[in-house]
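Trainee: Can you walk me through this one? I'd like to start somewhere odd in the backbone.

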Amino acid sequence: MKYIPYGHQDITTEDIQAVVRVLQSDFLTQGPVIEQFERMVAEYCGAQFAVAVSNATAALHIACAALGVEKGDVIWTVPNTFVASANCALYCQAAVDFVDIDSQTYNMSITALKRKLQEAKARNSLPKVVIPVHFSGQSCEMEEIALLARQYGFYIVEDASHAIGGSYQNGKIGGCAYSDMTVFSFHPVKIVTTGEGGMILTNNKELKQNLLQLRSHGITRDRNVMTEAANNEGSWYYQQIALGFNYRMTDIQAALGVSQMQRIDEFVAKRKKMARHYDEKLSDLPLILPYQHQDTLSAWHLYVVQIDPKKTDRTRRQIFEFLKEKQIGVNVHYIPVHMQPFYAELGFKKGDFPRAEAYYEQIITLPLYFGLTEEEQDYVIDCLHSLEW
Ligand SMILES: *Cc1c(COP(=O)(O)O)cnc(C)c1O
């Protein structure tokens with residue numbers, strides 16, 4: 001059996017041809033395909049606006065910047081995420097803090113969020129932005145978070161890097177029904193890829209304007225947006241009105257995105273089918289399988305199992321190494337962000353978020369991606385059964 005990674009892109013001849021067409025066109029970057037990709041994703045998700053950027057890390061950064069996050073502000077996210085969800089606060093000179101996860105969904109715990117908000121209010125240190133992360137592709141309980149946002153007055157940016165194609169209640173993730181903005185990642189292991197890429201969706205026109213400026217040096221050519229009169233300046237004229245970045249996506253990447261988006265439902269359906277297959281075949285092992293909240297349809301970016309310490313003495317490390325020896329590219333999502341050395345320097349420590357930490361000790365991510373064959377998946381399942389638990 002050849003090595004099976006935990007995630008992998010699926011590229012067709014049509015994808016390749018779409019990219020080649022852009023390479024033969026006049027615009028390699030910031031051409032017509034970017035807007036086509038933005039419209040396509042916005043329509044798919046039911047959001048009014050979409051802004052494509054170079055990656056989801058950049059997307060999170062300018063989402064915070066567009067909300068005016070600055071020194072003195074605090075942003076909250078979860079420890080069970082990729083470091084980028086927290087780093088975006090620090091890029092804006094703001095502080096970051098975490099809300100522990102729910103032991104069932106592995107998403108932000110509503111109970112923990114409520115408690116922390118009460119405490120923060122008493123100390124006059126409420127967050128400016130809360131960034132819930134739709135872990136593994138399953139939406140957080142957004143209605144509850146939005147109610148708290150109204151009560152305590154914070155913005156919501158959904159980190160949906162795992163979750164394009166998933167749903168919450170009656171809407172697609174990305175529709176921003178309960179948030180100010182939603183961020184997607186198009187890294188190759190995610191559901192849809194552009195190589196590197198990210199996108200921010202919103203229903204707020206002003207935020208969209210801010211995002212467009214921040215994506216491209218803080219420069220505008222729109223005279224309605226300029227802060228000084230343009231007077232007799234000609235059509236060459238532009239103004240830099242903020243400190244922006246070069247976070248543009250290329251048309252080459254957008255072309256891949258447009259082509260990939262045509263298969264998004266197929267991608268998610270296949271992942272869901274494979275998740276069901278794991279659910280069925282692994283239910284007799286001492287593992288805790290992924291729980292699905294009734295309001296959600298996961299996009300199934302990841303299939304994470306927990307070793308159940310009540311049912312086996314096997315450690316996560318033993319099982320992880322065993323599967324690696326069998327050429328199975330298992331992974332761990334995630335080492336809690338607050339336990340990273342960089343965050344320890346900021347004052348966080350082991351014990352701060354006990355549920356995320358306990359979860360981390362027991363988890364393994366199994367291979368799950370569009371091109372994973374039935375034979376390969378059954379090999380993973382058989383290997384797990386061959387272990388002496
Ligand atoms: C992948 C990922 C990111 C960062 O995405 P990039 O496009 O690689 O910058 C951010 N948050 C989460 C939860 C992710 O999984």
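Mentor: Try Ser 136, in the loop between β4 (129–130) and α6 (142–152). Helices (H or I, at least four residues) and strands (E, at least two) are DSSP runs, numbered from the N terminus. Keep in mind that this is a predicted model: local features need pLDDT of at least 70, side-chain atom pairs count only at pLDDT 80 or more, and totals for chains, interfaces and linings use all residues. Residues are numbered from 1 along each chain as its sequence is written, and side-chain values use heavy atoms, with hydrogens and water left out.

Trainee: What's phi at Ser 136?

Mentor: Near 65°, so positive in a residue that isn't glycine. Most residues other than glycine have a negative phi, and most peptide bonds are trans.

Trainee: Which peptide bond is cis, then?

Mentor: The one from His 333 to Tyr 334, with omega near 5°. Tyr 334 sits in the loop between α10 (316–325) and α11 (341–345).

Trainee: What does the side chain of Tyr 334 have 3.2 Å away?

Mentor: An oxygen atom of the ligand, which lies that far from a polar side-chain atom of Tyr 334. That's a polar contact (a pair of N or O atoms within 3.5 Å). The side chain of Lys 190 also puts an N or O atom 3.0 Å from a ligand oxygen, and Ala 56 has a backbone N or O atom 2.8 Å from one.

Trainee: How much of the ligand gets buried?

Mentor: The protein buries 93% of the 380 Å² that the ligand exposes when taken alone. Those areas come from the Shrake-Rupley method with a 1.4 Å probe.

Trainee: Which elements give two or more residues to the shell?

Mentor: α3 (56–66) and α4 (84–91). There are 15 residues around the ligand, each with a heavy atom within 4 Å of it. Thr 57, Asp 159, His 162, Ser 185 and Lys 190 come nearest. By class, the shell has five nonpolar, eight polar and two charged residues.

Trainee: New topic: how many salt bridges are there?

Mentor: Nine. Each is a side-chain nitrogen of Lys or Arg within 4 Å of a carboxyl oxygen of Asp or Glu. One of them joins Arg 263 and Asp 15, at 3.4 Å from N to O. These two are 248 residues apart: Arg 263 is in the loop between α8 (251–261) and α9 (264–282), while Asp 15 is in helix α1.

Trainee: Where is confidence lowest?

Mentor: In strand β10 (residues 219–220), with a mean pLDDT of 94; pLDDT is the predictor's confidence in each residue, from 0 to 100. Strand β5 (residues 155–159) is highest, at 99, and the chain averages 97.

Note on methods. Polar contact = N/O pair within 3.5 Å; in protein donor to acceptor, adjacent residues only side chain to side chain. Nonpolar A, V, L, I, M, F, W, Y, C, P; charged D, E, K, R; others polar.
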